[in-house]
Amino acid sequence: MALMTVSALVAAAVPLTWIRVAPSDVARWHVDPMEVARVPKRPRQGGWLVRTGTANAAPPVFATDPATLFSAFDEIVQASPRTKALFVSPAEGRATYMTRSAVIGFPDYTSVKAVPEAGGAALMIWARNRFGGTDIGVNRRRVEGWMAELSTRLPRR
């Protein structure tokens with residue numbers, strides 16, 4: 001009986017450990033949100049895409065330049081719990097961040113690109129989960145929270 005319990009614990013621990021220690025390859029996860037081919041039909045399918053064109057949502061336009069918008073967004077994201085930057089290039093106005101869930105530590109990736117828009121600038125954002133087929137809307141809520149905070153710092157057009 002005790003051997004079965006230990007075996008069950010080991011069988012559960014191995015995948016949970018992998019979720020925490022799996023490497024995050026920048027070449028794989030740092031993508032241009034404008035080049036994402038697959039758009040989730042619903043946020044529960046594992047991601048949230050904000051961009052001009054085919055997406056889950058259109059980006060708000062802020063009355064500022066791309067560099068200022070990117071800098072403010074980067075500051076908000078990097079101050080978020082359990083979030084770290086995988087790649088940040090202010091010169092390109094691009095970044096990719098990894099945010100881990102609170103309990104198990106599932107990694108979600110968010111790639112962002114600041115672009116000029118008529119009368120200001122906008123952020124193209126692709127937030128998605130790494131493991132599992134669904135994110136139960138977590139990425140959408142996270143992005144919407146970051147955008148709400150951004151809206152308190154910078155005026156929208």
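**Exercise 1. Take helix 3 and work out which of its residues are buried, then say what covers them.**

Solution. Start with the burial list: Leu69, Phe70, Ala72, Phe73, Asp74, Ile76 and Val77 of helix 3 are buried. Keep in mind that this is a predicted model.

Next, think about spacing. An α-helix has 3.6 residues a turn, so residues three or four places apart point the same way. Look at the buried set on screen with that in mind.

Now find the cover. Among the elements lying over the buried residues of helix 3 are strand 2 (83-89), strand 3 (94-100), strand 4 (107-117) and strand 5 (120-129), and helix 4 (138-153) is included too.

**Exercise 2. Check the length of helix 3 against what is expected, and find which side chain reaches in at its start.**

Solution. Helix 3 runs over residues 66-78, which is 13 residues. From first C-alpha to last, helix 3 reaches 18 Å, close to the expected 18 Å at 1.5 Å a residue.

Then go to the start of the helix. There, Asp65 has a side-chain oxygen within 3.1 Å of the backbone nitrogen of Ala67.

**Exercise 3. Step back and describe the whole protein chain: how many helices and strands are there, and in what pattern?**

Solution. Count first: you should get 4 helices and 5 strands. Reading along the sequence, the pattern goes α-α-β-α-β-β-β-β-α.

Then look at burial. Of the 157 residues in the protein chain, 43% are buried.

Finish with the contacts. Take those between residues at least 6 apart in sequence: 58% of them join residues at least 24 apart.

**Exercise 4. Place Thr96 in the fold, decide whether Thr96 is buried or exposed, and list its partners.**

Solution. Thr96 sits in strand 3. Its relative accessibility is 0%, so Thr96 counts as buried.

For partners, skip the neighbours within four places in sequence. What remains in contact with Thr96 is Trp29, His30, Val31, Ala85, Leu86, Phe87, Thr110 and Ser111.

Two of these deserve a closer look. The side chains of Thr96 and His30 are joined by a polar contact of 2.5 Å. As for Thr110, it is 14 residues from Thr96 along the chain, with 5.4 Å between the C-alpha atoms.

**Exercise 5. Do the same for Val26 and Ser89: where is each one, and how accessible is each?**

Solution. Val26 first. Val26 belongs to helix 2 (residues 26-29). Its relative accessible area is 31%, and buried needs under 20% while exposed needs over 50%, so Val26 is partly exposed.

Beyond four places in sequence, Val26 is in contact with Leu86 and Phe87. Val26 and Tyr97 are 71 residues apart along the chain, yet their C-alpha atoms are separated by 9.8 Å.

Now Ser89, which you will find in strand 2. At 13% relative accessibility, Ser89 is under the cut-off and therefore counts as buried.

Leaving out neighbours within four places, Ser89 is in contact with Phe70 and Arg94. Phe70, you may recall, is one of the buried residues of helix 3. Ser89 and Lys113 are 24 residues apart in sequence, and 9.7 Å apart from C-alpha to C-alpha.

**Exercise 6. Which loops hold Arg82 and Ile136, and what is the phi of each?**

Solution. Arg82 lies in the loop between helix 3 and strand 2. Arg82 isn't a glycine, but its phi is positive, about 60°. With a relative accessible area of 47%, Arg82 is partly exposed.

Ile136 lies in the loop between strand 5 and helix 4. Ile136 isn't a glycine either, and has a positive phi of about 45°.

**Exercise 7. Find the largest pocket and the second largest pocket, and give the volume and lining classes of each.**

Solution. The largest pocket has a volume of about 200 Å³. Its lining is Ser101, Phe106, Asp108, Asn129, Phe131, Gly132, Thr134, Asp135, Ile136, Val138 and Arg142. Sorted by class, that gives 4 nonpolar, 4 polar and 3 charged residues.

The second largest pocket has a volume of about 170 Å³. It is lined by 12 residues, of which Val36, Arg38, Gly46, Trp126 and Arg128 are the closest to its centre. This second largest pocket has 4 nonpolar, 5 polar and 3 charged residues in its lining.

Terms used
Residues numbered from 1 in each chain as written. Predicted model: local features only at pLDDT ≥ 70, side-chain atom pairs only at ≥ 80, totals over all residues. Heavy atoms only, no water. Helix = DSSP H or I, 4+ residues; strand = E, 2+ residues; numbered from the N terminus. Expected span 1.5 Å × (residues − 1). Buried < 20%, exposed > 50% of the residue type's maximum accessible area, 1.4 Å probe, protein only. Contact = heavy atoms within 4.5 Å. Polar contact = N/O pair within 3.5 Å; in protein donor to acceptor, adjacent residues only side chain to side chain. 1 Å grid on protein atoms, 1.4 Å probe; cavity = no way out; pocket = protein on both sides within 12 Å on 5 of 7 lines; lining within 4 Å. Points joined across faces, edges and corners; volume = space filled by probe spheres on them. Nonpolar A, V, L, I, M, F, W, Y, C, P; charged D, E, K, R; others polar.
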